[in-house]
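Me: I have this model open and would like to go through parts of it with you. Could you start with the terms you will be using?

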Amino acid sequence: YLKISKLALAFAIIQSKPPGKSCKEYTEHLAKCVSKQDFGWKSEVEVLEAEVLRLRQELLLSKISPRFCLENDASAETLLDQECINPRSYSSQIEDSGCDVSNDYAFDSLGIASDFHQFEQNVNASQHWLERVLPLNLCSTVKEDTLTAPVQFLQRLLEIKRLSEGGILQADFTELEKDSFTICNSVSQLLDGLTVFYNNPKFPVSNFLTEAVCVLMSLITDTKLSNHVLKKCFRKLEEFKKNLIQIILRNSNVNRFQALHAVSNTLVLLGRNNILRNSLISLLLSEVRQFAEQLLQAHQIQAMYDITQYENIFPLCMILEQFLQNGTGPSNTSSSDYDGEEKIKFLKNLDKIILYLSDEFPLFSLYLWRTSVLLNSAQI
């Protein structure tokens, strides 16, 4: 049937072909016309799907807390209007930053680490950014447009929780269990939007993108909401972490270190959740081990190796060391007792790798050795 249909279509095109055009040219013209129609339908479908998700978000919030006011605060709109007219100047967000600085937070490309650090030190830290509900007509770029709906919804969700804990609102968070579609799609849109930005970052970065990361971190570190998010969005979060790691490894831009530092900060913040931290350690151990084995093989046969990837592996080594050495959870416990399958693979033949690479790659060998010590510290 398919062959007959193709043959009939071919005859129809030949018979209707206008004079002066070959069959190939006319077929390509028809294909373009059909693809344009498909694109138009797809765009309309995407708009309708976004509207459906927005309505489901509002419905879910009203079920969780009927008293919660969904209307935007006038002061928040005024604040955002002023920010559009007079945006903040980011002195720390330099265009070219291959140089190191003494203060780790001064080199925070997105301002995420410093903002989140300030967020943690204040018991009621949500007051500084969470209390204002963002209006829909944000002064944002195309990249930020995809983040508007999920950030707004998740901000409101966090605000409801804060107000309910203060006894101001009555909230029923069991509704999150009944509507997994809305929370999953909202978190997925947020992660996809951040991935798009990290793949092609533009500096300086607006406050809204910084705030989007803060919303994500608040969501996964919240003791009550993180369980719902991890239960429904664990695979998406795993995919997000893998994408961030690959963005670090594959970035070959000359002035890439500012962007790499921003992605590294996000990975570190994701590691504040115990469940995500253990899986992140496994991913980092796997990437570092595979690169060490490839580097050893290239060294033994005196082959060329990718110097860019060699430079990019160090942020992953530093993140891994930070997870294994420093306490990141509420109890300030370290992850040196990590005992996953990747630990066994990483330590296997590691002494041999360090021995062969130590002369030509001393810094990388030192990081491998320090990681092995931290992995074995629990047994010692």
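Reply: I call a residue buried under 20% relative accessible area, exposed over 50%, and partly exposed in between, using a 1.4 Å probe and protein chains only. This is a predicted model, in which local features need pLDDT of at least 70 and side-chain atom pairs count only at pLDDT 80 or more, while totals for chains, interfaces and linings use all residues. Residues are numbered from 1 along each chain as its sequence is written, and side-chain values use heavy atoms, with hydrogens and water left out.

Me: OK, where is Leu 366, and how does its relative accessible area class it?
Reply: Leu 366 lies in helix H15, where helices are DSSP runs of H or I with at least four residues, numbered from the N terminus. Its relative accessible area is 37%, so Leu 366 is partly exposed.

Me: Which residues form a nonpolar patch with Leu 366?
Reply: Leu 363, Trp 369 and Val 373 join Leu 366 in a nonpolar surface patch, and together the four have about 360 Å² of accessible area. Such patches take residues with over 30% relative accessible area and no salt bridge, joining nonpolar side chains (Val, Leu, Ile, Met, Phe, Trp, Tyr) within 5 Å and like charges within 9 Å. A salt bridge here is a side-chain nitrogen of Lys or Arg within 4 Å of a carboxyl oxygen of Asp or Glu, and the areas come from the Shrake-Rupley method with a 1.4 Å probe, counting only the protein chains shown as cover for residues.

Me: And which residues of H15 are buried?
Reply: Phe 364, Ser 365, Tyr 367, Leu 368, Thr 371, Ser 372, Leu 374 and Leu 375 are buried in H15. The buried residues of this helix pack against helices H11 (274-300), H12 (307-325), H13 (341-347) and H14 (350-357), with contact meaning heavy atoms within 4.5 Å. As background, an α-helix has 3.6 residues a turn, so residues three or four places apart point the same way.

Me: How many aromatic pairs turn up in the whole structure?
Reply: A search of the whole structure gives ten aromatic pairs, where rings of Phe, Tyr and Trp (its six-membered ring) pair if their centres lie within 6.5 Å, and planes under 30 degrees apart count as stacked, over 60 as edge-to-face and the rest as tilted. In one of them, Tyr 305 and Tyr 310 have ring centres 6.2 Å apart and planes at 70°, so this pair is edge-to-face. Tyr 305 is partly exposed at 33% relative accessible area, whereas Tyr 310, at 12%, counts as buried. The rings of Phe 314 and Phe 364 also make an edge-to-face pair, because their planes are at 85°, with the centres 6.3 Å apart. This pair links distant parts of the chain, since Phe 314 is in helix H12 and Phe 364 is in helix H15, 50 residues apart, and both are buried.

Me: Which residues do ring pairs link into a cluster?
Reply: Phe 291, Tyr 305, Tyr 310, Phe 314, Phe 361, Phe 364 and Tyr 367 are linked into a cluster by ring pairs.

Me: Changing topic, what is the phi of Gln 302?
Reply: Gln 302 has a positive phi of about 55° although it is not a glycine. Most residues other than glycine have a negative phi. Gln 302 lies in the loop between H11 and H12 and is exposed, with a relative accessible area of 65%.

Terms used
Helices (H or I, at least four residues) and strands (E, at least two) are DSSP runs, numbered from the N terminus.
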